[in-house]
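Visitor: Could you walk me through this model, one question at a time? I'm new to reading structures, so keep it relaxed.

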Amino acid sequence: MSRLYATFKYTLISVWAGFVVGPFMWAVLTSFKDANGVQGGATYLPWVQYEPTLTGWQNIFGGAGGVDVVRPFLNSAVITLVASIISLALGALAAYGLSRYRFKIGFIANSDIIFFFVSQRIMPPVVLVVPFFFLLQWANLLDTIPGLVIVTVALLLPIAVWVMVDFFNGIPRQIDEMAMLDGCGPFGAFVRAILPNSVPGLTVAAMFCAVFGWNDFFFAFRLTFTEIQTLPQAVVALNSSIPPWWTLSAAALFGMSPLILLAVWVERYLSKGSLPGVIR
Amino acid sequence: MDGLRRHKSMFLLPGLLTLLLIIVFPLLFTIRVSFSGWNVSNPEMDFVGGANYVKVLQDSRFWAANLRLVLLAGGTVLIQYLIGFGLALLVWRNVRARRLWRVLFLVPMMTTPVVMAAVWQMIFHESLGPVNDMLAKLGIAPVHWFTEAGPALAALMTVEIWQWTPFMFLLMLAGLLSLPKEPFLAAAIDGAGAWRTFWKVTFPLMAPVSVSAIIIRLIEASKLSDTVYVLTSGGPGSATESPGYYLYLRGLKEQQTGYAGSLSLTYLVLMVITLTIVAALLARAFKVPRQSSKAKEQ
């Protein structure tokens with residue numbers, strides 16, 4: 001590998017890395033500013049160009065005149081977790097069925113059912129949100145955690161099926177057959193022989209569920225009012241006409257921290273080589 | 001194996017029924033409401049025939065938003081694909097600090113789009129943001145990021161590219177890592193250089209992954225609305241409105257539920273047709289053999 005090529009390669013990598021890191025750096029810097037640090041124009045160096053304060057961080061953790069982000073954080077966590085578990089369970093079952101058995105209902109075959117699941121991703125949340133409003137109102141679930149869990153499952157289930165069908169297709173059928181020869185029923189074979197071999201696939205599906213569940217804004221925005229607030233809502237509410245940018249930045253960083261950690265974990269999986277076969 | 005037959009629906013039905021229950025009502029509701037004059041002053045499921053659809057045809061703002069989406073989604077997804085594939089090739093092998101780069105390149109897709117849009121708004125702020133500040137240091141006049149149409153679109157595209165290139169990167173890197181080694185050995189034995197190896201071996205092998213990655217991203221990009229809502233609110237004027245955001249304005253903000261219903265269905269039908277055509281064209285352009293999911297089921 002020539003030296004010129006290496007220089008070129010690392011330059012490109014560094015440029016993109018800088019672009020990726022830039023917004024986070026700006027949020028970190030801003031979270032330690034106050035009105036004085038923001039109003040004079042853009043400043044970059046703490047202590048040199050502006051006096052760092054902890055106001056922003058105090059504001060999000062119960063400081064006077066601050067906002068509560070801890071409760072929204074917990075709400076988001078519960079909703080994401082429960083909706084992901086339901087979606088993974090239903091999605092893995094359905095995907096296994098679709099991968100192992102042939103379904104034929106009139107002209108509808110397996111590939112059409114898979115397409116039906118995946119095609120739900122095409123529905124923009126805006127289209128769904130009005131009917132969901134009436135549906136939840138009818139079930140008395142507006143502004144509640146169970147209500148949000150149900151609509152989030154609609155977002156996540158297609159992803160779980162999409163990832164898991166491909167994954168199960170890659171597991172040899174002999175594994176099921178051996179388990180059934182050992183006396184397991186079809187369901188037992190799934191639980192005892194297939195699931196333990198599916199950790200990589202389930203992990204990827206869980207990652208996508210976590211990302212899309214945690215980051216959903218629109219459903220929470222229109223289907224909850226006073227009782228339940230999720231984290232993206234809490235942060236966007238801070239983004240008013242004269243934003244307290246330091247509080248906004250601190251809240252943004254706090255709210256995204258769990259998923260940034262997730263990126264570290266996904267990479268570990270990728271490098272161990274468990275992931276490549278899963279996503280295709 | 002008759003026992004299997006009975007069991008197979010046990011696997012499929014819970015998930016299928018759940019999704020049907022959650023999705024079918026909204027869809028039927030939207031179809032029905034699109035033929036009604038339901039709005040904020042008249043919240044009733046009456047029947048007005050195709051009046052809403054006639055209005056949709058004449059709604060130039062809606063069609064402009066659709067055209068804009070084609071350019072926005074097409075443009076950003078193409079750039080995301082090129083950069084994502086490029087980055088995946090760069091950190092695929094023979095690179096120092098490989099894992100650091102991989103984590104960094106993945107992070108943006110994990111972040112909440114609306115929250116990042118709020119952060120980007122600070123960054124593009126016309127007098128207090130770092131972008132205009134740095135441009136000033138280079139002697140460039142401040143850009144009116146949110147009060148001029150061109151710059152506002154550029155800002156929106158920048159945010160989309162920042163957020164979703166990692167998704168392409170993830171799919172393309174996973175694809176590269178799962179490639180068989182033999183074709184590369186064969187190319188090396190034939191004495192093919194890096195350039196030739198890429199076009200004759202890597203690119204064709206990556207074609208199926210490329211097509212599905214591009215289609216998934218196009219589907220997701222077509223729903224663009226959260227980021228628009230926070231970053232530009234569709235402005236200046238309606239210069240950055242996407243169909244998703246326009247639906248939000250008509251349906252939720254102005255509560256023209258009936259009209260928004262017919263807008264939604266028109267939009268959905270357009271999306272399905274466009275994406276089907278695009279998928280077929282992509283498969284042809286990338287010379288993907290007719291294969292995979294169908295063949296595997298047999």
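What follows is a chat about the two chains, their domains and how they touch.

Visitor: Before we start, what kind of model is this?

Guide: Good thing to ask early on. What you see here comes from a computer rather than an experiment, so keep in mind that the model is predicted.

Visitor: How many helices and strands does chain A have?

Guide: Let's start by looking at chain B, to have something to hold chain A against. Chain B has zero strands, and its helices number 13. Chain A does have strands, and its count is 13 helices and two strands.

Visitor: What is the radius of gyration of chain A, and why is the chain described as more spread out than a compact globule?

Guide: For 280 residues the globule rule gives 19 Å. Chain A comes out well over that, so it is more spread out than a compact globule. Its C-alpha atoms fill a box of roughly 75 × 65 × 35 Å along the principal axes. The radius of gyration of chain A is 23 Å.

Visitor: What does chain B span along its principal axes?

Guide: Picture the C-alpha trace of chain B, which follows an unbroken α pattern along the sequence, with no strand in it. Taken along its principal axes, that trace spans about 75 × 75 × 30 Å.

Visitor: What percentage of the residues in chain B is buried?

Guide: A residue counts as buried if 20 or more other C-beta atoms lie within 10 Å of its own. In chain A, 48% of the 280 residues pass that test. Chain B has 298 residues, and there the buried part is 41%.

Visitor: Among contacts in chain A between residues at least 6 apart in sequence, what percentage joins residues at least 24 apart?

Guide: Take chain B as a warm-up: among its contacts between residues at least 6 apart, 68% join residues at least 24 apart. Run the same count on chain A, and the value is 75%.

Visitor: Which residues of α9(A) are exposed on the face turned away from its buried side?

Guide: Helix α9 of chain A covers residues 186–194, and its buried residues are P186(A), A189(A), F190(A) and A193(A). Seen down the helix axis, these fall within an arc of 110°, so they line one face. An α-helix has 3.6 residues a turn, so residues three or four places apart point the same way. Turned away from that buried side are the exposed residues V191(A) and R192(A).

Visitor: Which element gives the most to the side of domain 1 of chain A that touches domain 2 of chain A?

Guide: Chain A is divided into domain 1 (3–60) and domain 2 (70–272). Their contact takes twelve residues from domain 1 of chain A and nine from domain 2 of chain A. On the domain 1 side, the elements giving two or more residues are α1 (3–31) and α3 (55–60) of chain A. The one that gives the most, with five residues, is α3(A).

Visitor: How far apart do the C-alpha centres of domain 1 of chain B and domain 2 of chain B lie?

Guide: First find the two parts: in chain B, domain 1 is 1–32 and domain 2 is 68–288. Now take the centre of each over its C-alpha atoms, and the distance between them is 33 Å.

Visitor: Which helix gives the largest share of the side of chain A that touches chain B?

Guide: The contact between the chains takes 81 residues from chain A and 76 residues from chain B. On the chain A side, one helix supplies 14 residues, and that helix is α13 (residues 245–272) of chain A.

Visitor: How many residues of the side of chain A that touches chain B are nonpolar?

Guide: Sort that side by class and you get 14 polar residues and five charged ones. The remaining class is nonpolar, and its count is 62.

Visitor: Over residues 201–219 of chain B, how far apart are the end C-alpha atoms?

Guide: An unreviewed UniProt entry places "transmembrane region" features on chain B, including residues 69–91 and 201–219. Residues 69–91 of chain B are 96% helix, with end C-alpha atoms 32 Å apart. Residues 201–219 of chain B are 100% helix, and their end C-alpha atoms are apart by 28 Å.

Notes:
Residues are numbered from 1 along each chain as its sequence is written. Chains are lettered from A and ligands numbered from 1 in the order in which they are written. This is a predicted model: local features need pLDDT of at least 70, side-chain atom pairs count only at pLDDT 80 or more; totals for chains, interfaces and linings use all residues. A residue is buried if 20 or more other C-beta atoms lie within 10 Å of its own, exposed if 12 or fewer, and partly exposed in between; C-beta atoms are placed from the backbone. Helices (H or I, at least four residues) and strands (E, at least two) are DSSP runs, numbered from the N terminus. The arc is that of the directions from the helix axis to the C-beta atoms. Domain bounds come from an automatic or database domain assignment. Two residues are in contact if their C-beta atoms, placed from the backbone, lie within 7 Å. Ala, Val, Leu, Ile, Met, Phe, Trp, Tyr, Cys and Pro count as nonpolar, Asp, Glu, Lys and Arg as charged, and the others, Gly among them, as polar. UniProt positions are given in the numbering used here, feature names are shortened, and annotations may be inferred rather than shown by experiment. The radius of gyration is taken over C-alpha atoms; the globule rule is 2.2 Å times the number of residues to the power 0.38.
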